[in-house]
Amino acid sequence: MLNLFSGLELGPIFRALMRNKIGALLIALQIALTLTIMVNAIFMMQERSQQMARPSGLDETNTFYLSNTIFAQNYNTQTALQQDLQRIRQTPGVVAATQINAIPLSGGGWSMGLQTKPGDDLEGTGTAVYMVDEQGIDALGVELIAGENFQSSDIVWREVGSTKWPPKTMITKALAEAMFEGDWKKALGKTVYIDNHQPVQITGIINGLQAPWNGWNGVERSMLVPQQLDGRGSRYFIRTEAGRRDELMPVIEKMLADSDRGRIIRNVTSMEQTRDESYQEHQATNTILLTVIIVLTLITGFGIVGLAMFSINRRTRQIGTRRALGASQWQVMRYFMLENLLISSAGVVLGAAGAVGLNIWLVSTFSMSPLSPVLLVIGVVALLIVGQLAVSYPALVASRISPATATRGRA
Amino acid sequence: MFSYYIKLAYLSCKRTWGMTLLMVCAIGLGIGASMTTITVNYLMSANPIPHKSEQLFFVQLDSWEPNNPYSDDGDAPEQLTYRDGTYLWQAQKAKRQSIQSGMSAVIEPADKEVLPFMVQGRANSADFFSMFDVPFLFGSGWDHQADLKKERVIVINAELNERLFGGKDSTGQTVRMAGEDYKVTGVINRWNPKPKFYDISTGAFNDVEEVFVPFSLITEQKFNRSGNTNCWKPSESGFQAFLDSECIWLQLWVELPTEQDKQDYLSFMNAYAKEQHQYGRFARTDNNKLRDVMQWLENQQVVSDDASMMMAMSLMFLLVCLLNTVGLLLAKFLGKASEIGVRQALGASRNDLFIQHLIESGCIGLAGGLLGLVLAILGLEAIKVMYGDWIRDLAQLDFSLVAMAIGLAIASALLAGLYPTWRACQVQPSVQLKSQ
């Protein structure tokens, strides 16, 4: 076999295919559709995986939170809140704790617009708002990259229904870049305006902290304000020493519940669980898409095996004759491999067009982003390999047909 | 004759069991995947109140910011401000009207041994129950007077009634909620419309609330509001300032039996908007909307993109499975060419052969359909596990869906069998007999 290509019987293969157009067409169509679905499904999975892989900015493994709902009448909420925080902070194993108004990735929270100039009809930059105290950044486990943390003297009470904002804020790098032409360093020390007119000074920049809404395009934009909510419903966000979260969650729940019967402690949830719930649909969709891809490939593969076996059965005598006339086992095998390659190539060409077409439809209907060409190439190669693998067993069977078959009657 | 063909089909399938198995699996998988996604889509897009969905309208007033429309497509906001909502409600211009918002509160059971617990509820006006045909186990809702007088009355659901009163008729009893006593006027029987059309703002497939109280009590600030609040204009601090603000946070549904009623109500809304415009509010006075239940659900796209995308994918998947079946059936029937030749020589007409092979395809389709049904049930179970609680009621096969699955399977198999059967009937008996 000096020259692999010299003996390629492309002509005869093509002519033989033309005699069984429908069979070949069916395989080609199957491969085309498989490629169409496969490439788009993998693309959809990639998009979701990328979204899920974004860091939330906080120490997810060692943090949890709980809700405190007060129902007793004549209750001093401010004193009780301070006592609770003190008790939590004194618990051995707790690194830091803060009261907070919303939980990252949880789906519910506050948002405001920030503007660099005051005024009613200016478009602000949307941001999530987290109200925390001086232990806020430690409790969340976010990284302060410039400026300084809130002092305890900065923390003010926010009455229910108040619309007043404190004079200081720490914002995420992403929010700073969105407001200051991509240069977050410019933001430090600047005064921005919240609620159209109220000035707030940026006293710190944190590396990252995601907003409560994972599907929002501004999910990286958040601000921390030094406020404590004075109300009958509150949340505590707690960070523990590494590895002690699960042990401390029930301890703190019980400690709080027992210390005061005028309230309910509920929703004791770890940040990891919140992340899982936040992306539950994404995760599920990806699992389904993966299953679809695998099953689809298997069906197409077995379909190729079935049809090839059939065509070999029908051509037993011809194959025997070829063998009797001197064709080697390898040549017979190669014939069927090449035949499949020819059909598959037609299929993937059609499929590539289909994949792009489907993607265009998905982009326009569901606002997905356009497909990457690399993925398409990978899909094409993968399906050609699947085709060759699928046909290799029938081709092997064909190559083992004895030359003597030619002399016998129909098998 | 039919039973003879069935027997022939059975023998033929047995002889080429590998291919038959492959075809049954392919059809089964295709049907299973399609039925799973069709079921979810079908239930997501279901009409939750079919007999009067065309008479119930969701009221949208465009009270939003003068310079920036509320949504990119210019549509009016999904909720109303307190002042607009209460004005329209108090006018009582529709046959029925329900003003409403979500709420939550803590209930303290009479039995001190039982710990207090939190309930999710709805603050709504009296018409809510009659408008939405809420079924009652005991008692009924409250009347319009109770709304006006801000009476402490409450409607609870059957589960809460079980928990608080052991399932007995609790009308006239009191429930201690948020530090006050509320008189039970009724207990709701099982009622869980999906989508939860009357308020989809926090999730279209959430469960119905556990308690219902008069909306007018909201101003007493005894319990927490829940749901979304959106504001465009800064306001002063305090609850009264909030009620007077441009924040949108409540919903209004109206029942308008005829087209004329609808037109009249829309004119009434537009007139109100024009009047407000004179006071410097409502920059867009003609952007007010009345959408009926199905229009509203469609506008809010309650069928998730994921669900429609999955359905498109699974239908393409079914198509691949069918192409696969066509190929295999073709191979199978042509492989029987000699047998067909013999049958023809013995007097079977083309018609007979055609029917015989269609029956064989149909049998394969039926087997695939049954397999698909099993797979669809498994698929729906998997969806419930993977997507969590909210999808529970959207992943259930009903009779029509089962019938559809089997019908789809047989129809697809017959369709797939059509060409191979036709080819099989073209066999020339003389050629086949000679080659023997």
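These are my notebook entries on the domains, chain contact, sheet and helix packing of a predicted model.

**Entry 1. Domains**

I began with how each chain is divided. In chain A, domain 1 is made of 10–53 + 281–407, and domain 2 covers 72–261. I looked up the distance between the C-alpha centres of these two domains and found 55 Å.

For chain B the assignment gives 2–45 + 304–435 as domain 1 and 56–299 as domain 2. Here the C-alpha centres lie 50 Å apart. I then checked what joins the two domains of chain B: 5 residues of domain 1 and 5 residues of domain 2 form the contact. On the domain 1 side I noted 4 nonpolar residues, 1 charged residue and no polar ones.

**Entry 2. Chain A against chain B**

Next I looked at the contact between the chains. It brings 45 residues of chain A against 43 residues of chain B. Which elements of chain A give two or more residues to the side that touches chain B? I listed α2 (21–53), β12 (263–270), α8 (280–314) and α10 (329–366) of chain A. The largest share is that of α8(A), with 17 residues. By class, I recorded 20 nonpolar, 18 polar and 7 charged residues on the chain A side.

**Entry 3. The sheet in chain A**

I traced an open sheet of 4 strands in chain A, ordered β2-β11-β1-β12, and its pairing is antiparallel. The strands at the edges, each paired on one side only, are β2 (94–100) and β12 of chain A. From one strand to the next, the twist averages 20°.

I followed one pair in detail. β1(A), residues 63–70, and β12(A) are antiparallel and share 6 bridges. A:Ile70 has A:Arg263 of β12(A) as its bridge partner.

Two helices of chain A lie against these strands. Helix α3(A), residues 77–90, packs on the sheet and touches β1, β2 and β11 (233–240) of chain A. I read the angle between the directions of α3(A) and β2(A) as about 160°. Helix α7(A), residues 271–278, lies across β1 and β12 of chain A, and runs at about 70° to β12(A).

**Entry 4. Two helices on α11(A)**

I went back to α8(A), the helix with the largest share of the chain A side of the chain contact, and looked up its packing on α11(A). The axes of α8(A) and α11(A), residues 373–399, come within 9 Å and cross at roughly 25°. That angle makes the two helices roughly parallel. The crossing of α8(A) and α11(A) is right-handed. Among the residues that make the contact are A:Gly301, A:Ile304 and A:Val305 of α8(A), and A:Gly387, A:Ala390 and A:Val391 of α11(A). I noted 12 nonpolar, 4 polar and no charged residues in this contact.

The second helix I checked against α11(A) was α2(A). Their axes come within 10 Å and cross at roughly 135°. α2(A) and α11(A) are therefore oblique to each other. Their crossing is right-handed. On the α2(A) side I wrote down residues including A:Leu35, A:Met38 and A:Ile42, and on the α11(A) side residues including A:Leu376, A:Val380 and A:Gly387. The class count is 10 nonpolar, 3 polar and no charged residues.

I marked A:Gly387 because the residue lists place this glycine of α11(A) in the contact with α8(A) and in the contact with α2(A).

**Entry 5. A helix pair in chain B**

In chain B I looked up α1(B), residues 2–15, and α12(B), residues 350–387. Their axes are 9 Å apart, at an angle of about 60°, and the two helices are therefore oblique to each other. The crossing is right-handed. α1(B) gives B:Tyr5, B:Ile6, B:Leu8, B:Ala9 and B:Ser12, which meet B:Ile355, B:Gln356, B:Ile359, B:Glu360 and B:Cys363 of α12(B). I counted the classes in this contact as 7 nonpolar, 2 polar and 1 charged.

**Entry 6. Backbone details**

Last, I checked two loops. Which peptide bond in chain B is cis? The bond is the one from B:Lys194 to B:Pro195, with omega near -10°. B:Pro195 sits in the loop between β8 (180–188) and β9 (211–214) of chain B.

In chain A, I noted that A:Asn196, a residue other than glycine, has a positive phi, near 75°. A:Asn196 belongs to the loop between β8 (191–194) and β9 (198–206) of chain A.

Key
Residues numbered from 1 in each chain as written. Chains lettered and ligands numbered in written order. Predicted model: local features only at pLDDT ≥ 70, side-chain atom pairs only at ≥ 80, totals over all residues. Domains from an automatic or database assignment. Contact = placed C-beta atoms within 7 Å. Nonpolar A, V, L, I, M, F, W, Y, C, P; charged D, E, K, R; others polar. Axes fitted to C-alpha atoms, helices over the stretch in contact; angles between N-to-C directions. Parallel < 35°, antiparallel > 145°, perpendicular 65-115°, else oblique. Left-handed = near helix turned anticlockwise from the far one by under 90°. Pairing = 2+ DSSP bridges.
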